[in-house]
Amino acid sequence: MSDSLVAVVDLDLPGPTISRHVYGHFAEHLGRCIYGGFYVGEDSDLPHEGGIRLDVVEALRAVAIPNLRWPGGCFADDYHWRDGIGPREDRPRMVNSHWGDVVEDNSFGTHEFMHLCELLGADPYVSGNIGSGTVREMSEWVEYLTRGDDSPMASLRRSNGRDNPWRVPFWGLGNEAWGCGGSMRAEHFADLARQYATYVRNHGDNTVYKIAAGANGDDYAWTETLMKSLSCLGCSREPQSYFQGLSIHYYTMTGTWGVSKGSATEFDVEEYYVAMRRAHRMREIVAGHAAVMDCYDPKRRVGLVVDEWGTWWDVEPGTNPGFLYQQNTLRDALVASVHFDAFHDHADRVVMANIAQTVNVLQAMILTDPDSGALVLTPTYHVFEMNVGHHDAASLAVRVKGEVPTREVEGTQLPLLSASASTKDDTALISLSNLDAQEARTVVLDLRGRDVTASSARVLTAATLQTHNTPEAPDAVAPVAHDGLRPHALGLELDLPAHSYVTVSLELG
Ligand code: AHR
């Protein structure tokens, strides 16, 4: 075991609030995310309500899922909402050309999605079609969803069985407009985003937070172009309010797009560190976009929305390559914890984030067996659960005295400790990830500014980085109470096992 590090936390110096919406989710019509994941249909033998799988709902309620983005992704810019309303047997079919080239029967549409959000207690984040849809189509969808009187769209909704309008707080203006969402240049898309946003109206008391499709990874020029469409360099006035947020997408993989992204379960220690380095890159990417935005919006009125993030591995052998079904190991959990530390540290700009995707696709929370129906909670799920205390809490800086140990990975120094903290209602939560694959570490928590009246810790780890949960071993990676927490003259002393994620909960006097 190496020497102790000292992590200083000033419990009485709260920073910006960590929005619960950074713990948001994403469900696309892709593989078995909607069909066979969330939605099993009214004839299923599994417990369901209106075809929505209730054990999935229960698991996500347990992590206080704050919002759900739908229907894509790339699918959103092929989706025409009117195909997904009315009697199911009358709904037109379409080809899901992005994902497996399969026929989509539209049996899960607007009413089913809004019902799902109600069951989850989550805010809907609807992603509107700019790539192949019309301004009128988008405008009428918002009216259909949110208007209360006898307008044409409100009346159409009623004729389909829903009297009251729904609340839709988040609206996406396109998706990956630089790619599957229309192969546009930033300047053209910025004008379209302003145009479409003009017709996404606030009906009644429903106020829509509009999010323009943003950059691919570190494409800061895209962000600058969108910001220029709202404001100007060094402007002292408020940005124009066509849209209130802009997105970025960034995925973690060890390989490359197109060739091999890397296996979800068969990787060595070097590949593990590459994954950690690339996950850590999210911190640099968020900081880069935030810096550009600061130049055009110094008061931070425009939100950064990381509405797709997570690991993207090769699909599990024998599964449809277009369905993006992948396993989820302890390594994925550490990728998630590192991302959350970055989002917490940028709470003044990052207003929302959505992991891709919730069930059976990419870095899922939940995997279901297509034959038996068995449901497994992944290691990533447990990070979301362990972090619920950060939702809407005030961020606290964690400053490490001395040098955080690092390892050289891809020509850069990867810090082997990642941490963040927050406080809410006389409690505090500290999250620490020991990214060292082999070495345990001890950290002294130098807790200043308030009295700590009680403390406890939980740990998520496993014998190997490749460990994952299966129907036969559902708790191979699951959090347990951690007894490696002791009083110390400065506060507390904490053991971090190799490759582990630990949370420390404090009661404050
Ligand atoms: O999440 C899978 C896909 O990744 C989404 O459809 C798209 O937006 C992104 O490229």
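In this predicted model, 14 residues surround the ligand. Those that come nearest are E28, C74, E176, Y251 and E308. Three side chains place polar atoms at short listed distances from ligand oxygen. For E28, an N or O atom of the side chain is 2.7 Å from an oxygen atom of the ligand. For E308, a polar side-chain atom likewise lies 2.7 Å from a ligand oxygen atom. For N175, the separation between a polar side-chain atom and an oxygen atom of the ligand is 3.0 Å. The ligand on its own has 280 Å² of accessible area, and the protein covers 94% of it.

The protein chain that holds this site contains nine helices and 27 strands. Its radius of gyration is 23 Å, close to the 23 Å given by the globule rule for 509 residues, so the chain is as compact as a globular protein of that length. The C-alpha trace spans about 70 × 60 × 45 Å along its principal axes. Of the 509 residues, 59% count as buried. The accessible surface of the chain comes to about 18800 Å². Carbon and sulfur atoms account for 49% of that surface. Contacts reach across the sequence. Among those between residues at least 6 apart, 76% join residues at least 24 apart.

Helix α1 covers residues 54-61. Its buried residues are V56, V57, A59 and L60. Seen down the helix axis, these buried residues fall within an arc of 165°, so they line one face of α1. The packing partners of the buried residues include both strands and helices. The strands are β4 (52-53), β14 (366-368) and β15 (375-377). The helices are α2 (110-120) and α9 (379-386).

A further buried position is found in strand β20, which runs over residues 417-424 and contains S420. The relative accessible area of S420 is 0%. S420 therefore counts as buried, since the cut-off is under 20% relative accessible area. The side chain of S420 makes a polar contact of 2.8 Å with the side chain of H344. H344 is also listed among the residues that S420 touches beyond four places away in sequence. The others are D341, D345, H390, V398, L429, I430 and S431.

Notes: Residues numbered from 1 in each chain as written. Predicted model: local features only at pLDDT ≥ 70, side-chain atom pairs only at ≥ 80, totals over all residues. Heavy atoms only, no water. Buried < 20%, exposed > 50% of the residue type's maximum accessible area, 1.4 Å probe, protein only. Helix = DSSP H or I, 4+ residues; strand = E, 2+ residues; numbered from the N terminus. Arc of directions from axis to C-beta. Contact = heavy atoms within 4.5 Å. Near = heavy atom within 4 Å. Polar contact = N/O pair within 3.5 Å; in protein donor to acceptor, adjacent residues only side chain to side chain. Areas by Shrake-Rupley, 256 points an atom, 1.4 Å probe, with all protein chains shown as cover. Rg over C-alpha atoms; globule rule 2.2 N^0.38 Å.
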